[in-house]
Amino acid sequence: MENTIAVIFDMDGVICHTNPYHSKAFREFFAKRDLSPTDEEFAQHMFGKSNSYILSHFLQREVVGEEFKQLEDEKESLFRTIYEPHIEPIGGLLEFIGDLKNNGVKTGVATSAPYANLELIITKLDLRKQMESILASEDVKKHKPDPEVYLTSARNLGVEPKQCVVFEDSYSGVSAALNAGMKVVGVLTSHTREELPPCNLYIENYNEMSFAKVKELF
């Protein structure tokens, strides 16, 4: 088991390029409340952040309990409606996952998104049977950059953190993986490499990725 490699994927911006559709959903959500965040504000305070943080930041007050659940459900329902006709994986992803599985790599998904979003995407892409661990926001108490979701993923996969490679696209996500003691590949869909903490490797998509390149990280 010590030689086993595990690869853990974030979802938004890593499995699918969902961030433009999250932006559309949040714009519609905030417009109903006479708010109009800028692109810069979204980049700084939305991508890779939990809904709890996003809602509290833009509404400029703490949003908790039943109100949080209702507002999150409203926004995420908007997102799923907007995004469902457009679901597609980032280039080369499915072939890359196939290569990993053919070489005995354990794989998982660890996202800050709610489970309903995860369910929509992994069902449409037929990824469930490929993943030995699937975690969403409901499965953790502390969100990224806290390492909880990645440490829990490692336990689910039966490996040590040092055996894991995480694919992440956001500052908080990369930080969470580093805080967990894992290797990190920065997926440059939402940020430049200069905007992320130092990663072991950076990619634009998965067209050049392979099991061999993952193995080289160890």
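**Helices, contacts and a cavity**

Reader: Just after α6, what sign and value of phi does Asp-126 take?

Author: Look just after helix α6 to find Asp-126; helices (H or I, at least four residues) and strands (E, at least two) are DSSP runs, numbered from the N terminus. This is a predicted model, so local features need pLDDT of at least 70 and side-chain atom pairs count only at pLDDT 80 or more, while totals for chains, interfaces and linings use all residues. Residues are numbered from 1 along each chain as its sequence is written, and side-chain values use heavy atoms, with hydrogens and water left out. The phi of Asp-126 is positive, at about 55 degrees.

Reader: OK, so which residues of α6 are buried?

Author: α6 runs over residues 115–124. Buried means under 20% relative accessible area, exposed over 50%, partly exposed in between (1.4 Å probe, protein chains only). The residues of α6 that make the cut are Asn-117, Leu-118, Leu-120, Ile-121 and Ile-122.

Reader: And what do those buried residues of α6 pack against?

Author: Packing here comes down to contact, meaning heavy atoms within 4.5 Å. Both helices and strands meet the buried side chains of α6: α1, α4, β2 (106–110) and β3 (133–135).

Reader: Which elements are included in what covers the buried residues of α3?

Author: The residues in question are Asn-51, Ile-54, Leu-55, Ser-56, Phe-58 and Leu-59. Just past the end of α3, by the way, Gln-60 takes a positive phi of about 60 degrees. The cover over the buried part of α3 includes α1 (19–31), α2 (39–45) and α4.

Reader: Why does Ser-153 count as buried?

Author: Ser-153 sits in helix α7, residues 148–157. Leaving aside residues up to four places away in sequence, Ser-153 touches Ile-8, Ala-110, Ser-133 and Leu-135. Ser-153 counts as buried because its relative accessible area is 1%.

Reader: Is Glu-160 buried or exposed, or something in between?

Author: Find the loop between α7 and β4 (164–168), and Glu-160 is there. Its C-alpha atom is 14 Å from that of Val-105, a residue 55 places apart from it along the chain. With a relative accessibility of 47%, Glu-160 counts as partly exposed.

Reader: Zooming out, what share of the residues of the chain is buried?

Author: The chain has nine helices and six strands. Its C-alpha trace spans about 55 × 30 × 30 Å along the principal axes. Out of 218 residues, the buried share is 53%.

Reader: What share of the contacts with a separation of 6 or more joins residues 24 or more positions apart?

Author: Set aside contacts with a separation below 6, and ask how many of the rest link residues 24 or more positions apart. For this chain, the share is 66%.

Reader: How much space lies in the largest cavity?

Author: A cavity, on a 1 Å grid over the protein atoms alone, is a set of points where a 1.4 Å probe fits but cannot get out. The structure holds one cavity of 30 Å³ or more. Grid points are joined across faces, edges and corners, and a volume is the space filled by probe spheres set on the points. For the largest cavity, that comes to about 240 Å³.

Reader: Which helix gives the largest share of the lining of that largest cavity?

Author: There are 22 lining residues (an atom within 4 Å of a point), and Asp-12, His-22, Met-46, Gly-48 and Lys-49 are the closest to the centre. α1, α3 and α4 each supply at least two residues of the lining. With three residues, the largest share comes from α1.

Note on methods
1 Å grid on protein atoms, 1.4 Å probe; cavity = no way out; pocket = protein on both sides within 12 Å on 5 of 7 lines; lining within 4 Å.
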